[in-house]
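Biologist: I would like a close look at a single part of this model. Please take one helix and then set it beside what can be said about the chains together.

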Amino acid sequence: MPRIRHLVSVDDLSISEIQELFNKAKDFSKDLRSWSHLCPGRISASLFYEASTRTRLSFESSMQRLGGGVLTAAEMRTSSAAKGESLADTVRVVSGAYADLIVLRHPSEGAARLAAEFSQVPVINAGDGSHEHPTQTLCDLYTLWIEKGELEGLDVVLAGDLRYSRTIHSFIYALARFCANIVCVPHRGLELPDYVLRRLREEYGAEPVRADASELGEISRESDAVYLTPAKPHQLSLFTDSRRLRVDRVDAVYMTRPQTERHGESDEIESYFQLGQNAMSAKPLREAIVMHPLPRRDEISADLDDDPRSLYFKQAARGVPIRMAILAHLLGCLELQASPPDVRTRLFPIEVGHNPCPNSSCITNTEKRHQRLAFKLTSRDPLRAACGYCSQEIPIRLVGCSTTRHYHPRDSASARRIRPDHLVFFRDEAQATALGFSATR
Amino acid sequence: MPRIRHLVSVDDLSISEIQELFNKAKDFSKDLRSWSHLCPGRISASLFYEASTRTRLSFESSMQRLGGGVLTAAEMRTSSAAKGESLADTVRVVSGAYADLIVLRHPSEGAARLAAEFSQVPVINAGDGSHEHPTQTLCDLYTLWIEKGELEGLDVVLAGDLRYSRTIHSFIYALARFCANIVCVPHRGLELPDYVLRRLREEYGAEPVRADASELGEISRESDAVYLTPAKPHQLSLFTDSRRLRVDRVDAVYMTRPQTERHGESDEIESYFQLGQNAMSAKPLREAIVMHPLPRRDEISADLDDDPRSLYFKQAARGVPIRMAILAHLLGCLELQASPPDVRTRLFPIEVGHNPCPNSSCITNTEKRHQRLAFKLTSRDPLRAACGYCSQEIPIRLVGCSTTRHYHPRDSASARRIRPDHLVFFRDEAQATALGFSATR
Amino acid sequence: MPRIRHLVSVDDLSISEIQELFNKAKDFSKDLRSWSHLCPGRISASLFYEASTRTRLSFESSMQRLGGGVLTAAEMRTSSAAKGESLADTVRVVSGAYADLIVLRHPSEGAARLAAEFSQVPVINAGDGSHEHPTQTLCDLYTLWIEKGELEGLDVVLAGDLRYSRTIHSFIYALARFCANIVCVPHRGLELPDYVLRRLREEYGAEPVRADASELGEISRESDAVYLTPAKPHQLSLFTDSRRLRVDRVDAVYMTRPQTERHGESDEIESYFQLGQNAMSAKPLREAIVMHPLPRRDEISADLDDDPRSLYFKQAARGVPIRMAILAHLLGCLELQASPPDVRTRLFPIEVGHNPCPNSSCITNTEKRHQRLAFKLTSRDPLRAACGYCSQEIPIRLVGCSTTRHYHPRDSASARRIRPDHLVFFRDEAQATALGFSATR
């Protein structure tokens with residue numbers, strides 16, 4: 001039996017697989033109703049631990065258009081979860097014989113990764129808290145690709161709240177991976193977080209540079225800092241030609257809603273920007289398509305709805321063919337020529353000590369039963385690690401080696417020499433000592 | 001591409017279309033399970049903004065019996081609507097690629113009309129507040145037709161709460177349209193409202209006359225006024241023969257439940273009538289079938305359940321074949337010979353001033369985003385207009401002309417001369433003045 | 001038309017039918033996806049008056065794997081039931097044309113029996129309060145049968161809360177019917193109730209005897225009384241050989257969760273037993289499979305999850321093929337060679353006096369409209385009767401004869417001579433007199 005493929009993160013697909021899925025989706029979209037021979041007899045289960053009707057209906061429509069069946073659990077919280085069943089157990093049961101694929105929506109970050117570990121069938125992450133929502137990201141990329149014919153070299157403006165929406169962050173990483181140029185026009189105070197910029201730099205070689213927004217008009221008015229993240233270092237040198245650092249032609253404007261539910265008290269968004277005809281009349285935006293993940297509230301004015309550049313409703317509609325391609329692929333009903341990603345991030349189990357993940361909404365902190373702990377090493381020097389489930393950076397002060405039973409300061413050479421599978425994280429000396437570790441002589 | 005047909009009101013279908021749908025439904029009902037070849041690959045979406053399990057299951061069964069698929073959003077309020085998405089946006093997304101037809105249930109009157117305007121696929125109104133519920137009406141007519149072989153000339157008693165249920169009003173208009181005689185036996189204080197009587201008179205030529213209920217027995221005991229609404233003026237003259245104004249033979253008794261949730265404090269219904277064997281033993285009712293839209297509470301006694309005249313459970317069952325016919329027709333899978341209605345009520349947009357609709361549960365008053373305003377002219381002299389969405393009469397005191405920028409009293413000759421597409425409604429002079437209109441010299 | 005078959009209780013199927021269904025389920029499980037030709041065009045309706053996602057998904061998966069369609073009403077309480085519709089009316093409507101089979105989950109005991117009486121299509125009881133859940137029982141038996149090759153003579157340990165879960169009681173009766181030996185290892189204070197032991201004795205000839213648990217180890221530590229219920233009297237004599245009364249080899253351990261929601265204040269379960277590797281290392285349990293109806297909380301330790309003896313996830317998965325067999329059979333799409341049960345418990349309607357059922361969560365006490373009352377005679381001497389819906393014993397002090405209009409003490413010879421269909425139950429003399437009955441001279 002071939003290895004089960006999951007879609008927890010966009011990175012679970014190789015670039016060439018994504019390209020091939022785009023081509024399949026394009027085929028599907030010619031007539032959505034003529035593909036019911038692809039997955040007959042297959043059943044997908046929508047396990048939604050929080051309501052998201054749009055996402056659920058999009059998946060369920062896609063599955064039915066492929067000729068498959070659907071099991072719906074739209075309000076998991078009110079049922080067996082309330083009786084105290086662990087996510088792991090629910091997934092084991094549903095993947096046992098009920099369903100051939102699981103579509104999971106969960107409020108805890110990392111939930112889909114945990115589910116995938118316990119599932120006998122493919123798991124698709126339909127949103128795990130503010131962590132990832134890979135089919136949304138793929139739908140966004142697909143729309144760009146359909147409209148512009150390619151992704152490499154596109155200039156994509158991301159406007160609004162770039163700070164709190166990690167699904168936007170996933171989109172940004174994906175744009176970088178596909179070598180698009182990202183023009184960040186954040187609402188004041190809602191800039192991209194440092195860890196996103198660092199990951200763009202370290203993993204994708206995209207060094208952000210300050211850009212000249214003078215021609216962007218209204219869209220940049222509420223923004224203190226417009227910066228451009230060219231996809232590749234060699235492009236960066238192109239951009240040092242100051243003419244190119246001026247944003248004078250944009251392919252797409254991706255507008256985001258304010259993630260007010262995640263804002264702190266100090267975030268002021270009284271004057272959150274509303275994208276309308278005025279803003280879109282700026283010269284660099286003349287041929288830019290307007291995108292939005294929906295639902296929108298007031299951040300896109302209704303006066304744009306009939307503008308041919310407004311793609312947000314088509315973007316939502318394209319969720320169906322792209323999800324059809326993903327479902328058919330993961331169900332084994334659609335062979336791809338492309339190879340899966342070569343390198344996969346290795347997770348190291350955490351078996352000693354407390355859970356070092358600082359994210360209170362991570363599945364490792366919200367799930368009481370049958371949780372697992374793991375980390376991934378994101379850098380050796382300086383030593384940096386992230387939670388294996390929610391990807392949030394682990395604050396490290398002391399590390400130990402499970403073999404030598406010694407502990408070391410994070411920045412010491414000794415710390416860097418510990419084998420990753422021997423690494424133990426400590427809050428402080430007291431904890432290290434309590435667990436039987438000692439300082440080095 | 002042919003124009004998309006919606007079913008927001010029964011009036012969206014011509015009489016001959018309805019007759020043809022009845023014949024198709026009769027075919028379907030011979031064996032409900034043998035029509036799955038009609039709509040394979042088609043998907044309907046149940047968007048229910050309030051719970052109505054019976055109606056939803058009836059539609060979803062019908063769709064599946066036609067071989068189609070179903071998307072269910074049984075509790076829309078808890079999902080994206082809670083994030084503040086407009087009905088218009090939801091409909092645009094769902095009609096984009098998810099579904100080939102939308103079945104909408106919404107607590108706001110006029111919601112289905114609004115949805116139809118934004119939808120790329122047919123919308124069926126499965127109840128918009130207390131406004132319309134056309135498939136229920138068609139199911140009721142179909143049951144009468146099946147049992148009695150025709151509709152014209154039938155004598156149909158409507159008993160109970162005739163005041164608050166506008167779905168009953170829709171049924172009454174439909175009976176008038178099909179030339180049935182309507183015998184109103186309202187519970188005391190729950191008589192038909194004046195605007196229904198007026199519409200019966202003005203649009204259907206059915207002038208209500210006081211009828212002699214002496215032979216009706218128990219069923220008329222709680223009623224102050226039994227009146228008969230013959231379908232056509234020429235019939236009215238027949239009825240002036242006082243012998244015929246005595247109700248001495250009834251084809252059907254349509255019992256309604258008290259709409260207690262809409263009753264005011266002054267409505268006393270302690271002694272709401274219960275239809276039972278006693279009442280049905282009155283001579284004029286000997287061959288009358290008993291109908292009820294269900295769910296019933298106590299207004300029909302269980303002692304009638306096994307009576308062969310009791311049709312209410314069969315009536316509910318017939319919701320399936322009639323909805324199958326409607327779904328197949330709107331999906332374009334069932335060609336009808338009959339032509340659509342010739343004249344369609346014209347809606348005039350309201351672009352100046354406030355929303356004149358006085359109905360606080362109209363979609364124009366409950367939907368904050370992407371609402372539209374429109375009116376229809378129901379009479380030129382006296383000048384009368386109704387909300388284009390919920391159909392409620394607009395209280396008019398002053399009207400203006402958007403061209404001349406003058407305002408006039410409603411009953412003036414000047415007012416009547418304004419072109420409908422130039423009409424503006426004002427609450428009072430102050431408002432007219434504020435909007436830059438002046439009184440005529 | 002053949003008589004409609006329902007599955008309200010496991011007793012609605014004969015032993016040979018169950019055996020045949022097991023064989024069919026085994027066929028199905030070879031490839032669950034290749035049976036979609038069995039029930040095309042058939043529709044089952046899930047009417048769930050309380051949430052039970054696992055059970056619902058299992059049925060809906062089974063139905064879809066048979067090629068049928070599904071109507072889902074996962075939260076019936078929030079819909080027409082809230083408007084006050086009776087269960088009887090809901091069932092009459094749904095069974096009219098919407099669905100070809102009803103799967104009912106209801107919090108009131110006896111609800112499924114009532115539903116079956118009003119339904120035009122087969123009703124499957126998917127749990128009625130704490131009464132019966134026959135497909136769970138059949139799934140449990142099927143798992144035992146698959147793993148052990150037979151049921152007769154198996155030694156099955158039932159551990160934990162044996163007092164409050166009547167679905168466990170159903171399983172115990174079924175084990176007795178299939179001639180398995182039941183080894184009860186109840187948590188202290190949560191022993192099998194007397195009425196279960198009596199029924200085991202009277203209906204299945206299984207006399208419980210104290211057993212020697214010395215070799216069972218940890219699993220019996222929290223238990224005051226381990227007793228063995230050999231299936232047949234002739235086996236009992238075998239067991240009087242004291243060597244056999246020692247439990248020294250067990251085929252299966254069926255672990256149950258504490259039914260805390262049904263515990264009284266006096267039930268202490270602070271130290272509810274947790275089954276883990278330690279407990280399962282006892283010699284008699286070496287080859288025992290571990291079963292659990294799920295969801296589990298902490299009563300099975302995660303350290304057992306990867307043990308090959310742990311069958312609880314496979315057990316849940318087997319719910320699909322066994323439910324497929326049941327659905328196909330009841331829908332008339334799978335003919336069985338076996339005959340239905342010969343004798344069926346006769347229900348006698350209760351038409352005089354109050355409802356004698358003492359169970360406040362019985363459907364006869366919770367359903368206000370269209371309820372029925374009936375009893376079954378469980379013993380003539382002493383005179384004992386049970387509610388015809390929830391099966392709970394009726395406390396009898398006085399009985400009357402509806403023909404002679406006399407009443408008698410329960411234990412009198414006169415009482416025992418009354419024909420069952422003439423029996424009337426009285427709380428006390430006052431009530432008997434009030435209903436026009438007199439004491440015998």
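Biologist: Is α2(A) mostly covered or mostly exposed, and how many of its residues are buried?

Modeller: This is a predicted model. In it, α2(A) is mostly covered, with 13 of its 13 residues buried; a residue is called buried here if 20 or more other C-beta atoms lie within 10 Å of its own. The helix runs over residues 53-65 of chain A. From the first C-alpha to the last, these 13 residues reach 18 Å, close to the 18 Å expected at 1.5 Å a residue. Just after α2(A) comes A:Gly67, with a positive phi of about 90°.

Turning from the helix to the chains, the contact between chain A and chain B draws on 22 residues of chain A and 23 residues of chain B. On the side of chain B that touches chain A, the elements giving two or more residues are β1 (43-48), β2 (69-73) and α3 (87-98). Of these, α3(B) gives the most, with seven residues. By kind, that side of chain B divides into ten nonpolar, nine polar and four charged residues.

As for the arrangement of copies, chain C superposes on chain B by a rotation of 120° with 0.0 Å of shift along its axis, at an RMSD of 0.1 Å. That is the relation of a three-fold axis. The copies use different surfaces, and 4% of the contact residues of chain C recur in chain B.

Definitions and conventions
Residues are numbered from 1 along each chain as its sequence is written. Chains are lettered from A and ligands numbered from 1 in the order in which they are written. This is a predicted model: local features need pLDDT of at least 70, side-chain atom pairs count only at pLDDT 80 or more; totals for chains, interfaces and linings use all residues. Two residues are in contact if their C-beta atoms, placed from the backbone, lie within 7 Å. Helices (H or I, at least four residues) and strands (E, at least two) are DSSP runs, numbered from the N terminus. Ala, Val, Leu, Ile, Met, Phe, Trp, Tyr, Cys and Pro count as nonpolar, Asp, Glu, Lys and Arg as charged, and the others, Gly among them, as polar. Copies are superposed by least squares on the C-alpha atoms of residues with pLDDT of at least 70 in both. The expected span of a helix is 1.5 Å times one less than its number of residues. A residue is buried if 20 or more other C-beta atoms lie within 10 Å of its own, exposed if 12 or fewer, and partly exposed in between; C-beta atoms are placed from the backbone.
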